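Hi everyone, thanks for coming. I'd like to walk you through one structure today, so let's bring it up on the screen.

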Amino acid sequence: MLTSKLPRVGTTIFTRMSALASQNKALNLSQGFPDFDAPEALLDAMARHVLAGHNQYAPMPGVRELREQIAQQLGRHRAINCDPESEITVVPGATEGIFCAVTACVRPGDEVIVFDPCYDCYEPAIELAGGRAIHIALDEHNFSIDWETVAAHISPRTRLIMINSPHNPSGSTLSREDLLQLQALCEQHDLLVISDEVYEYLVFDDREHHSVLQFPGLRQRSFALFSFGKTFSVTGWKTGYCIAPPALTSEFRKVHQFVTFVAVTPVQMALADFMREDPDYPATLAAFYQRKRDLFCNALQTSRFSLTPSAGTYFQLLDYSAISTAADTQLCEDWTQRHAIASIPISIFYHAAPQQSYLRFCFAKSDEVLLEAAEILCKI
Ligand code: GLN
């Protein structure tokens with residue numbers, strides 16, 4: 001009756017691994033979400049707005065006060081100027097924002113450059129728009145981009161480049177030099193950019209996050225996507241935002257208004273209150289998560305895994321090549337069942353996975369859970 005438009009797509013690895021973890025009562029370090037709650041003031045604000053009856057549709061681009069707070073935050077933390085009216089759209093999660101941005105840009109036959117390991121929602125969006133993902137693998141060891149390879153893959157059909165920094169699942173980050181290279185290529189070939197910056201505040205060891213919004217040549221041709229889920233530990237609230245110049249925002253909103261129309265009203269109002277009252281909160285995140293990364297990595301010192309501490313995100317890759325030659329997909333299921341610890345295999349994010357032995361562990365967890373996880377892993 002129906003020929004699938006996404007024949008190669010099944011249920012996401014995050015859904016599958018969280019379900020397997022739950023069935024096996026395993027520690028769940030697979031799907032990325034904190035096991036601790038958001039700041040209390042934010043939760044209070046949410047309850048307050050629901051009870052105050054702020055439960056009907058918000059304006060399509062988002063609650064005005066929240067868009068103003070987003071603009072303030074960008075000014076405060078990144079020295080970026082942004083117009084809440086014409087450049088900021090609040091969306092029900094960065095996933096929806098990415099879908100809308102891809103849909104707004106890609107026409108049948110267009111090519112879109114993505115970097116593997118590539119976050120799972122990019123390619124289905126490209127395919128549904130009739131486009132074709134051109135996969136370029138990041139360096140196998142340090143997950144950096146080779147810009148000469150990128151240049152060699154640009155064709156007259158290339159429409160868009162999608163980047164993600166800090167990068168899920170590898171934890172690598174793009175440097176200022178990377179963004180300058182991207183800018184030069186995009187200007188030369190007149191390309192658009194979708195920049196997934198949902199982990200923008202989670203960068204470690206005094207690294208800086210570099211946003212496409214800080215580079216004039218990229219600013220004018222980019223959609224930048226952010227997620228309150230990551231920044232405020234409310235992944236279940238599914239709220240984020242897209243920043244793009246007015247002409248791109250206008251096309252973005254044409255799609256967004258027919259995909260979901262708006263994001264959830266009391267969530268937006270609560271976020272606006274919290275951001276107004278505690279504008280420096282995002283700046284506390286790097287130290288908070290770096291301590292968790294270090295706790296986890298140090299507790300693994302006597303294990304047989306090897307690792308390079310993650311540069312950003314709340315994910316840590318562990319190399320298991322000294323332990324097993326099994327495929328990561330198999331090992332990950334096996335260890336969830338046998339050792340009660342769940343992680344994410346990274347080969348799943350590749351078009352053609354190299355010979356690698358990495359599993360991804362989420363360290364947005366309580367110290368007790370991280371130490372318990374490390375104890376299990378040290379015995380493997
Ligand atoms: N982004 C989260 C992760 O990488 C998962 C979100 C989802 O389940 N779609 O683990």
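**Around the ligand**

Let's start with Arg360: an N or O atom in its side chain sits 2.7 Å from an oxygen atom of the ligand. Taken alone, the ligand exposes 300 Å², and the protein buries 80% of that. Please keep in mind that this is a predicted model.

Two other polar pairs are worth pointing out. At Gly32, a polar backbone atom is 2.6 Å from an oxygen atom of the ligand. At Tyr119, a polar side-chain atom lies 3.0 Å from a nitrogen atom of the ligand. If you'd like to click through the surroundings, the residues around the ligand also include Phe14, Gln31, Asn168, Tyr199, Lys230 and Phe315.

Now over to helix H11, residues 265-277. How far apart should its ends be? At 1.5 Å a residue, the 13 residues should span 18 Å, and the end C-alpha atoms are 19 Å apart, which agrees. Is this helix mostly covered or not? Mostly covered: 10 of its 13 residues are buried. Among them are Val267, Leu271, Phe274 and Met275, along with Gln268 and Asp273. What do the buried residues pack against? Their partners are helices H2 (40-51), H3 (64-78) and H9 (228-231), plus strand S2 (88-91).

Helix H3 brings me to my last stop, Arg78, which belongs to that helix. Arg78 counts as buried because its relative accessible area is 11%, and the cut-off is under 20%. Beyond its neighbours within four places in sequence, Arg78 is in contact with Gln73, Glu200, Tyr201, His209, Ser211 and Gln214.

That's my tour, thanks for listening!

Conventions: Residues numbered from 1 in each chain as written. Predicted model: local features only at pLDDT ≥ 70, side-chain atom pairs only at ≥ 80, totals over all residues. Heavy atoms only, no water. Helix = DSSP H or I, 4+ residues; strand = E, 2+ residues; numbered from the N terminus. Expected span 1.5 Å × (residues − 1). Buried < 20%, exposed > 50% of the residue type's maximum accessible area, 1.4 Å probe, protein only. Contact = heavy atoms within 4.5 Å. Near = heavy atom within 4 Å. Polar contact = N/O pair within 3.5 Å; in protein donor to acceptor, adjacent residues only side chain to side chain. Areas by Shrake-Rupley, 256 points an atom, 1.4 Å probe, with all protein chains shown as cover.
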